[in-house]
Amino acid sequence: QVQLVESGGGLVQPGGSLSLSCTASGSIFRIVAMGWYRQALGKQRELVATINAGGGIDYADSVKGRFTISRVNAENTVYLQMNNLKSEDTDVYYCNGKIYHSMTAWDDFWGRGTQVTVSS
């Protein structure tokens, strides 16, 4: 099948920066889009940013101007650069991939999540 492995995250002070990365591997025929979601305990998972194969990008309003998503197609890797972090950015961040794992079938795949904590 398909696996998504995240790296990055950690503890940072307000106003600081962190970078996340996620690499997809396994039975990949084509990646439609990759992105990042976040979820706080007891809350629904919400979109942070996505980038599709054509380079189209969407951001949550709350992160526009502070976060930047990018992708290296040849490496099946997506990055999230987070600047000017705020306490409300504290969450578990999950990598998502909309990936064809055969010529005709695609699914949503998820990483295990990485904790981002913004605190002084």
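A residue is taken as buried when its relative accessible area is under 20%, as exposed when that value is over 50%, and as partly exposed in between. This classification is applied below to a predicted model, beginning with the overall architecture and proceeding to individual residues.

The protein contains zero helices and 11 strands. Read from the N terminus, its elements accordingly follow the order β-β-β-β-β-β-β-β-β-β-β. The C-alpha trace extends over about 50 × 25 × 20 Å along its principal axes. For a chain of 120 residues, a compact globule would be expected to have a radius of gyration near 14 Å, and the value of 14 Å found for the protein agrees with this. Of the 120 residues, 39% are buried. The accessible surface amounts to about 6,400 Å², and carbon and sulfur atoms account for 48% of that area. When contacts between residues at least 6 apart in sequence are considered, 54% of them join residues at least 24 apart.

One disulfide is present in the protein. The bond links C22 to C95, with an S to S distance of 2.0 Å. The torsion about this S-S bond is about -85°, and the disulfide of C22 and C95 is therefore left-handed. Because C22 belongs to strand β3 (residues 18-26) and C95 to strand β9 (residues 91-100), the disulfide ties together parts of the chain that are 73 residues apart in sequence. Both C22 and C95 are buried.

The search of the whole structure for aromatic pairs returned one pair. In this pair, the ring centres of Y37 and W110 are 5.1 Å apart and the ring planes meet at 70°; since an angle over 60 degrees counts as edge-to-face, the pair falls in that class. Y37 is located in strand β4 (residues 30-39) and W110 in strand β10 (residues 106-110), so that the pair ties together parts that are 73 residues apart in sequence. The two partners fall into separate accessibility classes. Y37 has a relative accessibility of 17% and therefore counts as buried, whereas W110, with a relative accessible area of 36%, is partly exposed.

W110 also takes part in an arrangement with a charged side chain. R45 lies over the face of W110, at a distance of 4.6 Å from the ring centre. The charged end of R45 is likewise placed over the ring of Y94, 3.7 Å from the centre of that ring.

A further residue examined was L80, which is part of strand β8 (residues 77-82). L80 has a relative accessibility of 0% and so counts as buried. Excluding its neighbours within four places in sequence, L80 is in contact with L18, S19, L20, W36, V48, A49, F67, T68, I69 and Y93. The C-alpha atom of L80 is separated by 15 Å from that of T117, a residue 37 places away along the chain.

T117 itself lies in strand β11 (residues 114-118). With a relative accessibility of 24%, T117 counts as partly exposed. Residues up to four places away in sequence being left out, T117 touches G10, L11, V12 and T90. For T117 and T90, which are 27 residues apart along the chain, the separation of the C-alpha atoms is 4.6 Å.

Backbone geometry was also considered. Most residues other than glycine have a negative phi. Positive values were nevertheless found at two asparagines, N76 and N84. Phi of N76 is near 50°, and this residue occupies the loop between β7 (67-72) and β8. N76 has a relative accessible area of 22% and is therefore partly exposed. Phi of N84 is also near 50°, and N84 is situated in the loop between β8 and β9. Its relative accessible area of 41% makes N84 partly exposed.

Terms used
Residues are numbered from 1 along each chain as its sequence is written. This is a predicted model: local features need pLDDT of at least 70, side-chain atom pairs count only at pLDDT 80 or more; totals for chains, interfaces and linings use all residues. Side-chain values use heavy atoms; hydrogens and water are left out. Rings of Phe, Tyr and Trp (its six-membered ring) pair if their centres lie within 6.5 Å; planes under 30 degrees apart count as stacked, over 60 as edge-to-face and the rest as tilted. Helices (H or I, at least four residues) and strands (E, at least two) are DSSP runs, numbered from the N terminus. Buried means under 20% relative accessible area, exposed over 50%, partly exposed in between (1.4 Å probe, protein chains only). A charge sits over a ring if NZ of Lys or CZ of Arg is within 6 Å of the ring centre and within 35 degrees of the ring normal. The radius of gyration is taken over C-alpha atoms; the globule rule is 2.2 Å times the number of residues to the power 0.38. Contact means heavy atoms within 4.5 Å. Accessible areas come from the Shrake-Rupley method with a 1.4 Å probe; for residues, only the protein chains shown count as cover. A disulfide is a pair of cysteine sulfur atoms within 2.5 Å.
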